[in-house]
Amino acid sequence: MFDTVIIGGIVVNADGERRADIGINDGRIAALFTPGDSPMARSFVDATGRHLLPGLVDAHAHLREPGLTHKEDFESGTRAAALGGVTTILDMPTDDPWTATAAQLSEKIAIAEGRLHVDVGFQAVISKSLEGLDELLKLAPVSLELFTADVPAEFMFDSLDAVTQTLRRLASYNTTIGISPGDQSILLGSASRDRAGDIGAFLSSRPPLAEAGGISRAVLAAAETGARVHVRQINSRLGVETWRRLRDMADVTVETTPQNLFFTAADYAAVGANLKGSPPLRDREDVQALRAALSEGLIDIMATDHAPHSAKEKAAHYAAFADIPGGMPGLQTLLPVMFKLLGERVISPSALVRMCSYAPARRFGLGSKGSLAVGCDADILFVDLNGSTVISNAEQASRATYTPFDDWRIPGKLTDVFLRGERIVSDGVLALPNRGQVVRSAD
Ligand SMILES: [Zn+2]
(Lines give C-alpha, C1' and ligand atoms only; values in the text may rest on other atoms or scores of the structure.)
Protein backbone atom coordinates (compact mmCIF):
# COMPACT_ATOMS: atom_id res chain seq x y z
CA MET A 1 0.00 0.00 0.00
CA PHE A 2 1.50 3.34 -1.14
CA ASP A 3 0.62 6.82 0.12
CA THR A 4 0.26 8.02 -3.45
CA VAL A 5 0.64 6.55 -6.93
CA ILE A 6 1.04 8.84 -9.95
CA ILE A 7 -0.29 7.02 -13.00
CA GLY A 8 -0.19 7.54 -16.75
CA GLY A 9 2.81 9.87 -17.07
CA ILE A 10 6.02 9.74 -19.07
CA VAL A 11 8.99 9.76 -16.67
CA VAL A 12 11.96 11.82 -17.89
CA ASN A 13 15.38 11.30 -16.36
CA ALA A 14 18.88 12.35 -17.39
CA ASP A 15 19.37 8.98 -19.12
CA GLY A 16 16.13 8.90 -21.10
CA GLU A 17 12.36 8.71 -20.83
CA ARG A 18 9.81 5.92 -20.39
CA ARG A 19 6.20 5.34 -19.44
CA ALA A 20 6.00 4.45 -15.75
CA ASP A 21 3.76 4.89 -12.72
CA ILE A 22 5.37 6.25 -9.56
CA GLY A 23 4.68 4.88 -6.06
CA ILE A 24 5.40 7.32 -3.22
CA ASN A 25 5.81 6.58 0.51
CA ASP A 26 6.86 9.05 3.21
CA GLY A 27 7.79 11.66 0.61
CA ARG A 28 10.13 9.40 -1.30
CA ILE A 29 9.82 7.43 -4.50
CA ALA A 30 9.28 3.84 -3.34
CA ALA A 31 8.72 2.13 -6.69
CA LEU A 32 8.43 2.66 -10.44
CA PHE A 33 5.90 0.37 -12.17
CA THR A 34 5.16 -0.68 -15.67
CA PRO A 35 1.81 0.97 -16.51
CA GLY A 36 -1.11 -1.37 -15.82
CA ASP A 37 0.45 -3.14 -12.83
CA SER A 38 -2.29 -1.53 -10.64
CA PRO A 39 -0.64 -1.20 -7.24
CA MET A 40 -2.64 -0.37 -4.07
CA ALA A 41 -2.57 3.24 -2.84
CA ARG A 42 -4.39 5.62 -0.52
CA SER A 43 -4.61 8.12 -3.37
CA PHE A 44 -4.04 8.11 -7.12
CA VAL A 45 -2.96 11.09 -9.22
CA ASP A 46 -3.69 10.99 -12.94
CA ALA A 47 -0.77 12.25 -15.03
CA THR A 48 -2.08 11.15 -18.41
CA GLY A 49 -0.63 13.34 -21.15
CA ARG A 50 2.03 14.75 -18.82
CA HIS A 51 5.80 14.44 -18.84
CA LEU A 52 7.10 13.97 -15.28
CA LEU A 53 10.46 15.61 -14.55
CA PRO A 54 12.53 15.64 -11.36
CA GLY A 55 12.20 19.03 -9.63
CA LEU A 56 14.84 21.46 -10.83
CA VAL A 57 17.92 22.12 -8.67
CA ASP A 58 19.22 25.67 -9.17
CA ALA A 59 22.87 25.65 -8.17
CA HIS A 60 23.29 29.44 -8.22
CA ALA A 61 20.79 31.86 -6.68
CA HIS A 62 20.99 34.88 -4.39
CA LEU A 63 18.00 34.95 -2.03
CA ARG A 64 19.29 38.18 -0.39
CA GLU A 65 18.54 37.28 3.21
CA PRO A 66 19.79 38.35 5.71
CA GLY A 67 20.32 42.05 5.25
CA LEU A 68 19.10 42.75 1.73
CA THR A 69 15.42 41.87 2.05
CA HIS A 70 14.25 44.90 0.08
CA LYS A 71 15.62 42.97 -2.93
CA GLU A 72 14.27 39.49 -2.03
CA ASP A 73 13.75 37.26 0.99
CA PHE A 74 13.34 33.56 1.65
CA GLU A 75 9.56 33.78 1.24
CA SER A 76 9.46 35.70 -2.05
CA GLY A 77 12.44 33.92 -3.59
CA THR A 78 11.21 30.42 -2.80
CA ARG A 79 7.69 31.36 -3.97
CA ALA A 80 9.16 32.31 -7.36
CA ALA A 81 11.05 29.01 -7.36
CA ALA A 82 7.98 26.90 -6.52
CA LEU A 83 5.96 28.54 -9.30
CA GLY A 84 8.86 27.90 -11.67
CA GLY A 85 9.40 24.23 -10.79
CA VAL A 86 12.69 24.77 -8.95
CA THR A 87 12.25 22.52 -5.92
CA THR A 88 15.79 22.94 -4.57
CA ILE A 89 17.75 26.20 -4.48
CA LEU A 90 21.43 26.42 -3.65
CA ASP A 91 21.75 29.88 -2.10
CA MET A 92 24.90 31.95 -2.60
CA PRO A 93 26.70 33.53 0.39
CA THR A 94 26.80 37.18 -0.79
CA ASP A 95 24.20 38.72 1.51
CA ASP A 96 24.74 41.18 4.37
CA PRO A 97 26.75 39.86 6.12
CA TRP A 98 28.35 37.39 3.69
CA THR A 99 28.04 33.80 4.93
CA ALA A 100 31.64 33.11 5.98
CA THR A 101 31.50 31.55 9.45
CA ALA A 102 29.64 28.78 11.26
CA ALA A 103 27.82 31.43 13.33
CA GLN A 104 26.70 33.27 10.19
CA LEU A 105 25.53 30.06 8.50
CA SER A 106 23.67 28.92 11.65
CA GLU A 107 21.94 32.30 11.80
CA LYS A 108 20.94 32.06 8.13
CA ILE A 109 19.54 28.56 8.60
CA ALA A 110 17.54 29.74 11.64
CA ILE A 111 16.08 32.66 9.67
CA ALA A 112 15.14 30.41 6.76
CA GLU A 113 13.48 27.55 8.60
CA GLY A 114 9.69 27.61 8.40
CA ARG A 115 9.65 30.27 5.66
CA LEU A 116 10.63 28.20 2.64
CA HIS A 117 8.25 27.08 -0.11
CA VAL A 118 10.94 24.81 -1.63
CA ASP A 119 14.09 23.18 -0.26
CA VAL A 120 17.20 25.33 0.12
CA GLY A 121 20.86 24.37 0.57
CA PHE A 122 23.41 26.96 1.60
CA GLN A 123 26.79 27.87 0.17
CA ALA A 124 29.46 29.51 2.32
CA VAL A 125 32.21 31.87 1.17
CA ILE A 126 35.92 31.24 1.72
CA SER A 127 37.66 34.15 3.40
CA LYS A 128 41.39 34.73 3.47
CA SER A 129 41.83 33.81 7.11
CA LEU A 130 40.50 30.25 6.55
CA GLU A 131 39.73 30.19 10.28
CA GLY A 132 36.90 28.08 11.66
CA LEU A 133 36.63 25.90 8.58
CA ASP A 134 36.02 22.68 10.53
CA GLU A 135 33.12 24.23 12.40
CA LEU A 136 31.68 25.70 9.22
CA LEU A 137 31.84 22.37 7.37
CA LYS A 138 30.11 20.57 10.27
CA LEU A 139 26.98 22.46 9.15
CA ALA A 140 27.33 20.73 5.74
CA PRO A 141 27.03 23.68 3.35
CA VAL A 142 26.53 22.46 -0.23
CA SER A 143 29.68 24.25 -1.39
CA LEU A 144 32.41 26.69 -0.48
CA GLU A 145 32.64 29.66 -2.85
CA LEU A 146 35.95 31.15 -3.91
CA PHE A 147 35.99 34.54 -5.67
CA THR A 148 38.80 35.76 -7.90
CA ALA A 149 37.76 39.33 -8.80
CA ASP A 150 35.44 42.22 -8.01
CA VAL A 151 34.65 41.33 -4.36
CA PRO A 152 35.65 42.75 -0.93
CA ALA A 153 39.36 42.21 -0.16
CA GLU A 154 38.82 39.58 2.55
CA PHE A 155 37.14 37.27 0.00
CA MET A 156 39.42 37.94 -3.00
CA PHE A 157 41.85 35.30 -4.33
CA ASP A 158 43.24 37.24 -7.26
CA SER A 159 46.30 35.21 -8.27
CA LEU A 160 47.02 31.65 -9.36
CA ASP A 161 49.15 31.27 -6.23
CA ALA A 162 46.33 32.41 -3.94
CA VAL A 163 43.79 30.09 -5.62
CA THR A 164 46.14 27.09 -5.61
CA GLN A 165 47.27 27.52 -2.00
CA THR A 166 43.67 27.79 -0.87
CA LEU A 167 42.53 24.74 -2.83
CA ARG A 168 45.47 22.81 -1.37
CA ARG A 169 44.19 23.63 2.12
CA LEU A 170 40.65 22.59 1.14
CA ALA A 171 41.45 19.48 -0.89
CA SER A 172 41.27 17.18 2.12
CA TYR A 173 37.69 18.25 2.85
CA ASN A 174 35.05 16.39 0.88
CA THR A 175 33.33 19.48 -0.52
CA THR A 176 32.70 21.13 -3.85
CA ILE A 177 34.42 24.49 -4.32
CA GLY A 178 32.65 26.99 -6.55
CA ILE A 179 34.99 29.36 -8.37
CA SER A 180 33.74 32.47 -10.17
CA PRO A 181 36.12 32.96 -13.09
CA GLY A 182 37.41 36.50 -13.44
CA ASP A 183 40.68 38.42 -13.56
CA GLN A 184 41.27 41.29 -11.18
CA SER A 185 44.39 42.45 -13.09
CA ILE A 186 42.32 42.99 -16.26
CA LEU A 187 39.56 44.68 -14.25
CA LEU A 188 42.05 47.14 -12.72
CA GLY A 189 44.05 47.66 -15.92
CA SER A 190 40.92 48.35 -17.90
CA ALA A 191 39.59 50.76 -15.27
CA SER A 192 42.80 52.81 -15.41
CA ARG A 193 42.77 52.94 -19.25
CA ASP A 194 39.07 53.54 -19.90
CA ARG A 195 37.30 56.06 -17.72
CA ALA A 196 34.31 56.72 -19.98
CA GLY A 197 31.91 54.93 -17.61
CA ASP A 198 29.75 53.81 -20.53
CA ILE A 199 28.61 50.36 -21.66
CA GLY A 200 31.82 49.92 -23.67
CA ALA A 201 33.96 50.54 -20.58
CA PHE A 202 31.92 47.97 -18.64
CA LEU A 203 32.38 45.40 -21.42
CA SER A 204 36.12 45.95 -21.67
CA SER A 205 36.55 45.63 -17.90
CA ARG A 206 35.23 42.04 -17.95
CA PRO A 207 36.19 40.68 -21.39
CA PRO A 208 36.15 37.03 -22.56
CA LEU A 209 39.90 37.02 -21.92
CA ALA A 210 39.29 37.53 -18.17
CA GLU A 211 36.77 34.67 -18.14
CA ALA A 212 39.09 32.34 -20.06
CA GLY A 213 41.96 33.20 -17.70
CA GLY A 214 39.71 32.52 -14.71
CA ILE A 215 38.64 29.14 -16.12
CA SER A 216 42.21 28.08 -16.83
CA ARG A 217 43.39 29.10 -13.36
CA ALA A 218 40.52 27.21 -11.73
CA VAL A 219 41.13 24.03 -13.75
CA LEU A 220 44.93 24.13 -13.31
CA ALA A 221 44.64 24.73 -9.57
CA ALA A 222 42.16 21.84 -9.32
CA ALA A 223 44.53 19.59 -11.30
CA GLU A 224 47.48 20.58 -9.12
CA THR A 225 45.68 20.02 -5.80
CA GLY A 226 43.03 17.35 -6.50
CA ALA A 227 40.27 19.68 -5.27
CA ARG A 228 36.71 19.24 -6.58
CA VAL A 229 35.84 22.46 -8.41
CA HIS A 230 32.72 23.89 -10.02
CA VAL A 231 33.33 26.86 -12.34
CA ARG A 232 30.56 29.45 -12.10
CA GLN A 233 28.74 31.13 -14.97
CA ILE A 234 30.69 31.19 -18.26
CA ASN A 235 29.28 32.82 -21.40
CA SER A 236 31.94 33.60 -24.01
CA ARG A 237 33.25 31.74 -27.07
CA LEU A 238 36.82 32.05 -25.73
CA GLY A 239 35.61 30.69 -22.37
CA VAL A 240 33.89 27.73 -24.06
CA GLU A 241 37.01 26.95 -26.11
CA THR A 242 39.22 27.15 -23.02
CA TRP A 243 36.80 24.89 -21.14
CA ARG A 244 36.63 22.38 -24.01
CA ARG A 245 40.41 22.00 -24.07
CA LEU A 246 41.13 21.91 -20.32
CA ARG A 247 38.16 20.22 -18.64
CA ASP A 248 39.57 16.66 -18.77
CA MET A 249 42.57 17.71 -16.69
CA ALA A 250 40.80 17.78 -13.32
CA ASP A 251 37.62 17.05 -11.35
CA VAL A 252 35.78 20.11 -12.67
CA THR A 253 32.29 21.09 -13.85
CA VAL A 254 30.91 24.28 -15.34
CA GLU A 255 27.65 26.22 -15.50
CA THR A 256 26.00 28.83 -17.67
CA THR A 257 22.71 30.72 -17.35
CA PRO A 258 19.65 31.14 -19.62
CA GLN A 259 20.07 34.88 -20.23
CA ASN A 260 23.40 34.18 -21.95
CA LEU A 261 21.66 32.00 -24.54
CA PHE A 262 19.20 34.65 -25.73
CA PHE A 263 20.57 38.16 -25.19
CA THR A 264 23.66 39.99 -26.45
CA ALA A 265 25.42 43.19 -25.42
CA ALA A 266 23.50 44.92 -28.23
CA ASP A 267 20.35 44.51 -26.08
CA TYR A 268 21.76 46.87 -23.41
CA ALA A 269 20.89 49.87 -25.58
CA ALA A 270 17.17 49.07 -25.55
CA VAL A 271 16.73 47.29 -22.19
CA GLY A 272 19.44 48.94 -20.09
CA ALA A 273 19.75 48.37 -16.34
CA ASN A 274 17.42 45.36 -16.11
CA LEU A 275 19.85 43.25 -18.19
CA LYS A 276 23.00 44.45 -16.46
CA GLY A 277 24.90 41.73 -14.61
CA SER A 278 28.27 40.01 -14.44
CA PRO A 279 29.65 38.52 -16.55
CA PRO A 280 28.43 41.01 -19.16
CA LEU A 281 26.31 39.85 -22.08
CA ARG A 282 28.46 39.01 -25.10
CA ASP A 283 28.18 39.03 -28.90
CA ARG A 284 26.12 36.90 -31.27
CA GLU A 285 29.07 34.57 -31.96
CA ASP A 286 29.44 33.94 -28.21
CA VAL A 287 25.75 33.02 -27.92
CA GLN A 288 26.16 30.64 -30.87
CA ALA A 289 29.25 29.03 -29.32
CA LEU A 290 27.45 28.59 -26.01
CA ARG A 291 24.41 27.04 -27.70
CA ALA A 292 26.67 24.66 -29.63
CA ALA A 293 28.39 23.69 -26.35
CA LEU A 294 24.98 23.00 -24.83
CA SER A 295 23.97 20.73 -27.71
CA GLU A 296 27.32 18.92 -27.49
CA GLY A 297 26.86 18.22 -23.77
CA LEU A 298 29.89 20.35 -22.79
CA ILE A 299 27.92 22.36 -20.23
CA ASP A 300 27.31 20.40 -17.01
CA ILE A 301 24.84 22.65 -15.23
CA MET A 302 22.25 25.28 -16.17
CA ALA A 303 21.83 27.66 -13.23
CA THR A 304 19.93 30.94 -12.97
CA ASP A 305 22.24 33.34 -11.09
CA HIS A 306 18.91 34.66 -9.73
CA ALA A 307 20.13 38.04 -8.43
CA PRO A 308 17.20 40.41 -7.91
CA HIS A 309 17.34 44.10 -7.05
CA SER A 310 14.45 46.43 -6.28
CA ALA A 311 12.92 48.36 -9.18
CA LYS A 312 14.03 51.58 -7.46
CA GLU A 313 17.68 50.46 -7.34
CA LYS A 314 17.68 49.48 -11.01
CA ALA A 315 15.99 52.74 -12.06
CA ALA A 316 18.29 55.08 -10.09
CA HIS A 317 20.91 57.21 -11.84
CA TYR A 318 24.51 55.95 -11.72
CA ALA A 319 27.73 57.69 -12.70
CA ALA A 320 28.86 54.63 -14.70
CA PHE A 321 27.07 51.69 -16.34
CA ALA A 322 29.33 49.41 -14.25
CA ASP A 323 27.84 50.91 -11.07
CA ILE A 324 24.28 49.68 -11.79
CA PRO A 325 23.52 46.84 -9.34
CA GLY A 326 24.36 43.62 -11.21
CA GLY A 327 21.98 40.76 -11.77
CA MET A 328 18.43 39.83 -12.68
CA PRO A 329 15.79 37.36 -11.44
CA GLY A 330 15.63 33.87 -12.96
CA LEU A 331 14.11 31.26 -10.64
CA GLN A 332 10.56 31.50 -11.99
CA THR A 333 11.59 31.51 -15.65
CA LEU A 334 14.29 28.81 -15.78
CA LEU A 335 11.99 25.99 -16.85
CA PRO A 336 9.95 27.90 -19.47
CA VAL A 337 13.15 29.25 -21.01
CA MET A 338 14.51 25.70 -21.14
CA PHE A 339 11.25 24.73 -22.88
CA LYS A 340 12.14 27.34 -25.49
CA LEU A 341 15.49 25.62 -26.07
CA LEU A 342 13.62 22.32 -26.37
CA GLY A 343 11.32 23.89 -28.97
CA GLU A 344 14.35 25.17 -30.87
CA ARG A 345 15.88 21.66 -30.65
CA VAL A 346 19.04 22.95 -28.97
CA ILE A 347 18.56 20.33 -26.23
CA SER A 348 16.47 17.19 -25.55
CA PRO A 349 14.16 16.66 -22.55
CA SER A 350 16.79 14.35 -21.00
CA ALA A 351 19.50 16.96 -21.47
CA LEU A 352 17.24 19.48 -19.73
CA VAL A 353 16.93 17.12 -16.75
CA ARG A 354 20.67 16.40 -16.75
CA MET A 355 21.64 20.09 -16.65
CA CYS A 356 18.85 21.46 -14.44
CA SER A 357 18.28 18.58 -11.99
CA TYR A 358 20.58 15.55 -12.07
CA ALA A 359 24.03 17.14 -12.42
CA PRO A 360 23.59 19.96 -9.89
CA ALA A 361 22.16 17.52 -7.32
CA ARG A 362 25.10 15.15 -7.76
CA ARG A 363 27.76 17.84 -7.84
CA PHE A 364 26.62 19.48 -4.61
CA GLY A 365 26.08 16.37 -2.48
CA LEU A 366 22.28 16.09 -2.76
CA GLY A 367 21.97 12.49 -3.90
CA SER A 368 18.27 12.28 -3.00
CA LYS A 369 17.45 15.05 -5.48
CA GLY A 370 17.54 15.42 -9.24
CA SER A 371 16.26 12.01 -10.33
CA LEU A 372 12.97 10.11 -10.51
CA ALA A 373 14.39 6.89 -9.07
CA VAL A 374 13.63 4.63 -6.13
CA GLY A 375 14.91 6.18 -2.89
CA CYS A 376 14.90 9.76 -4.21
CA ASP A 377 12.71 12.53 -2.82
CA ALA A 378 9.39 12.70 -4.68
CA ASP A 379 10.09 16.17 -6.10
CA ILE A 380 8.14 15.89 -9.34
CA LEU A 381 7.12 18.37 -12.05
CA PHE A 382 4.03 17.81 -14.22
CA VAL A 383 4.70 19.24 -17.66
CA ASP A 384 2.33 19.54 -20.60
CA LEU A 385 4.63 19.73 -23.60
CA ASN A 386 1.63 20.45 -25.85
CA GLY A 387 0.60 23.42 -23.71
CA SER A 388 2.07 26.89 -23.86
CA THR A 389 3.27 29.56 -21.46
CA VAL A 390 3.26 33.34 -21.67
CA ILE A 391 5.84 34.81 -19.29
CA SER A 392 4.75 38.16 -17.85
CA ASN A 393 6.15 40.71 -15.42
CA ALA A 394 2.79 40.80 -13.63
CA GLU A 395 3.05 37.14 -12.59
CA GLN A 396 6.57 37.32 -11.15
CA ALA A 397 6.79 36.55 -7.42
CA SER A 398 10.30 37.99 -7.03
CA ARG A 399 10.68 41.41 -5.43
CA ALA A 400 12.50 42.43 -8.62
CA THR A 401 8.96 42.66 -10.15
CA TYR A 402 10.21 42.05 -13.69
CA THR A 403 11.75 39.38 -15.87
CA PRO A 404 14.00 39.83 -18.92
CA PHE A 405 11.67 37.34 -20.64
CA ASP A 406 8.50 39.43 -20.26
CA ASP A 407 5.84 38.69 -22.89
CA TRP A 408 7.71 35.70 -24.33
CA ARG A 409 5.39 33.00 -25.67
CA ILE A 410 6.82 29.56 -25.14
CA PRO A 411 5.75 26.02 -26.08
CA GLY A 412 5.32 23.79 -22.98
CA LYS A 413 3.61 24.39 -19.66
CA LEU A 414 4.35 23.47 -16.04
CA THR A 415 1.06 22.61 -14.32
CA ASP A 416 1.83 20.94 -10.97
CA VAL A 417 4.78 20.65 -8.60
CA PHE A 418 5.28 17.95 -5.96
CA LEU A 419 7.78 18.48 -3.14
CA ARG A 420 8.58 15.36 -1.12
CA GLY A 421 5.30 13.78 -2.23
CA GLU A 422 3.05 16.78 -1.55
CA ARG A 423 1.46 18.82 -4.33
CA ILE A 424 2.74 22.31 -3.47
CA VAL A 425 1.71 23.87 -6.81
CA SER A 426 -1.62 22.91 -8.33
CA ASP A 427 -2.51 24.11 -11.82
CA GLY A 428 0.02 26.95 -11.58
CA VAL A 429 -1.03 28.16 -8.10
CA LEU A 430 0.96 27.78 -4.84
CA ALA A 431 -1.41 25.46 -2.99
CA LEU A 432 0.69 24.27 -0.02
CA PRO A 433 2.99 27.00 1.32
CA ASN A 434 6.01 26.64 3.62
CA ARG A 435 6.75 22.98 2.86
CA GLY A 436 10.41 23.61 2.08
CA GLN A 437 13.29 22.45 4.28
CA VAL A 438 16.95 23.32 4.65
CA VAL A 439 18.98 20.59 2.93
CA ARG A 440 22.60 19.73 3.61
CA SER A 441 25.38 18.17 1.59
CA ALA A 442 25.58 14.42 2.18
CA ASP A 443 29.18 14.21 0.85
ZN1 LIG B 1 25.74 35.06 -8.74
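**Exercise 1. Helix H12 and its surroundings**

Work out which strands helix H12 (residues 334–343) lies across, and at about what angle to S17 the helix runs.

Solution. Helix H12 lies across strand S16 (380–390) and strand S17 (409–419), and its direction makes an angle of about 130° with S17. Helices (H or I, at least four residues) and strands (E, at least two) are DSSP runs, numbered from the N terminus. Axes are lines fitted to C-alpha atoms, for helices over the stretch in contact, and angles run from 0 to 180 degrees between N-to-C directions. This is a predicted model, in which local features need pLDDT of at least 70 and side-chain atom pairs count only at pLDDT 80 or more, while totals for chains, interfaces and linings use all residues. Residues are numbered from 1 along each chain as its sequence is written.

Turn next to helix H13 (residues 349–363), whose axis comes within 10 Å of that of H12, the two crossing at roughly 145°. The crossing is right-handed, a label given when the near helix is turned clockwise from the far one by less than a right angle, whereas an anticlockwise turn would make it left-handed. At this crossing Leu334, Met338 and Leu342 of H12 meet Pro349, Leu352 and Cys356 of H13, where contact requires that the C-beta atoms of two residues, placed from the backbone, lie within 7 Å. The contact is made up of six nonpolar residues, with no polar and no charged ones; Ala, Val, Leu, Ile, Met, Phe, Trp, Tyr, Cys and Pro count as nonpolar, Asp, Glu, Lys and Arg as charged, and the others, Gly among them, as polar.

Finally, consider how covered the helix is: eight of the ten residues of H12 are buried, and these include Phe339 and Lys340. A residue is buried if 20 or more other C-beta atoms, placed from the backbone, lie within 10 Å of its own, exposed if 12 or fewer, and partly exposed in between.

**Exercise 2. A residue of H13**

Decide whether Arg362 is buried or exposed, and which residues beyond its sequence neighbours it is in contact with.

Solution. Arg362 is found in helix H13. The count of other C-beta atoms within 10 Å is 21, and therefore Arg362 is buried. Once neighbours within four places in sequence are left aside, Arg362 is in contact with Gly367 and Gly370.

**Exercise 3. The sheet of seven strands**

Find the strand order of the open sheet of seven strands, and explain why one side of each edge strand is left without a neighbour.

Solution. The order is S3-S2-S7-S16-S17-S18-S19, and the pairing is mixed; two strands pair if DSSP finds at least two bridges between them. Strand S3 (16–19) and strand S19 (429–430) stand at the edges with a single partner strand each, so one side of each has no neighbour in the sheet.

Within the sheet, strand S2 (residues 10–13) and strand S7 (residues 51–54) pair in the parallel sense over two bridges, with Ile10 standing opposite His51 and Val11 having Leu52 as its bridge partner. S7 and S16, by contrast, run antiparallel and are joined by four bridges, and here the bridge partner of Leu53 is Leu381.

**Exercise 4. The two domains**

Establish which residues form domain 1 and domain 2, and which strand supplies the largest share of the side of domain 1 that touches domain 2.

Solution. The assignment gives domain 1 as 2–52 + 374–432 and domain 2 as 55–363, bounds that come from an automatic or database domain assignment. The C-alpha centres of the two domains lie 27 Å apart, and 31 residues of domain 1 are in contact with 38 residues of domain 2. On the side of domain 1 that touches domain 2, the largest share, six residues, comes from S17. That side divides into 18 nonpolar, nine polar and four charged residues.

**Exercise 5. Unusual backbone geometry**

Locate the loop that holds Pro97, and decide whether Asp407 is buried or exposed.

Solution. Most residues other than glycine have a negative phi, and most peptide bonds are trans. Pro97 lies in the loop between strand S9 (86–91) and helix H2 (102–112), and a cis peptide bond with omega of about 5° joins Asp96 to Pro97. Asp407, although not a glycine, has a positive phi of about 70°, and its place is in the loop between S16 and S17. Asp407 is exposed, because 9 other C-beta atoms lie within 10 Å.
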